[in-house]
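Q: I would like to learn how to read helix packing and burial in a protein model. Where should we begin?

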Amino acid sequence: KSEFITISETSKNDLLGLGIKGKNITIINPGVNRDIFKPSIKSINPSLIYFGGLRPYKRPEEALYLLSEVKKHFENIILFIVGEGPSKPALEKLAANLDLKGNIIFTGRLEKERLARILSEAWLNIHTSITEGWGISIIEASSAGTPTVAYDVPGVSNSVENGRNGLKVKDGEREALVNAALSILYDHEKWSLSALKVSEKYSWDKAAEMWNDEILKVTSVKKR
């Protein structure tokens, strides 16, 4: 009979699968800090960004395979890999094998402000995780005016509004992911404005208000 709060339709479905009644589940999406994640002038040459943990379930290597194909269309393109994790040595080796060392910058972990600047200058965000609870980095990218290409997996399916703040393709279909990336890169200004519009729906103030409403509801029930 407890009340449950979760962050997405995906995680709500997980709770339903555990036997929690739908009437006891409320979805409160995370917000985004627009004082930090905000649009700016895009880089002169196309730039991509992957930001997140460098771990197997995040599949950061997919960003490198995408880059190797997109590079055929944009010779001077740069991919920023932001983050740390156990997959980093393998990624550096793969970058060398794919002849991408001149097109990739491994930044390590960055302070939010530095990350936000690179993100706002990027033309495209790459998200290739196996699964997420929500995909807050996708909304942060949208708030910076940067659309996302992603595999259509749990969590990500909720945070990417297909055709608005990015494009989703069937999980594991690399060629489709490349084509989605090229579609955005060749019209990145339109996509930037569209992504920014989507991000306006999310705020921490709104999330806090919804939490407060739920707390008041539960408190009032207990007092009866």
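A: With one helix face: the buried residues of α8 are His 188, Trp 191, Ser 192, Ala 195, Val 198 and Ser 199. Buried means under 20% relative accessible area, exposed over 50% and partly exposed in between, with a 1.4 Å probe and protein chains only. These residues lie on the same side of α8, because they cover an arc of only 125° around the axis. The arc is that of the directions from the helix axis to the C-beta atoms.

Q: What kind of model is this, and how are residues numbered?
A: This is a predicted model, in which local features need pLDDT of at least 70 and side-chain atom pairs count only at pLDDT 80 or more, while totals for chains, interfaces and linings use all residues. Residues are numbered from 1 along each chain as its sequence is written, and side-chain values use heavy atoms, with hydrogens and water left out.

Q: Why do residues three or four places apart in an α-helix point the same way?
A: An α-helix has 3.6 residues a turn, so residues at that spacing point the same way. On the other side of α8, Glu 189, Leu 193 and Lys 197 are exposed.

Q: How many residues has helix α8, and what span does it reach?
A: Helices are DSSP runs of H or I with at least four residues, strands are runs of E with at least two, and both are numbered from the N terminus. Helix α8 covers residues 188–199, which is 12 residues, and its first and last C-alpha are 16 Å apart, close to the 16 Å expected at 1.5 Å a residue. The expected span is 1.5 Å times one less than the number of residues.

Q: Which elements do the buried residues of α8 pack against?
A: They pack against α5 (136–143), β8 (166–169) and α7 (174–185). Contact means heavy atoms within 4.5 Å. From α5, Ile 139, Ser 142 and Ser 143 meet Ala 195, Leu 196 and Ser 199 in α8.

Q: At what angle do the axes of α5 and α8 cross?
A: Axes are lines fitted to C-alpha atoms, for helices over the stretch in contact, and angles run from 0 to 180 degrees between N-to-C directions. The axes of α5 and α8 come within 7 Å and cross at roughly 120°. That makes α5 oblique to α8, given that under 35 degrees counts as roughly parallel, over 145 as roughly antiparallel, 65 to 115 as roughly perpendicular and the rest as oblique.

Q: Is the crossing of α2 and α3 right-handed or left-handed?
A: A crossing is left-handed if the near helix is turned anticlockwise from the far one by less than a right angle, and right-handed if clockwise. The crossing of α2 and α3 is right-handed, whereas α5 passes α8 in a left-handed crossing. The axes of α2 (residues 61–70) and α3 come within 10 Å and cross at roughly 15°, and the two helices are therefore roughly parallel.

Q: Is Phe 51 buried or exposed?
A: Phe 51, in strand β3 (residues 47–51), is buried, with a relative accessible area of 11%. Its contacts, not counting residues up to four places away in sequence, are Val 82, Leu 115, Leu 119, Asn 125, Ser 137 and Glu 140. The C-alpha atoms of Phe 51 and Val 82 are separated by 4.5 Å, though 31 residues apart along the chain.
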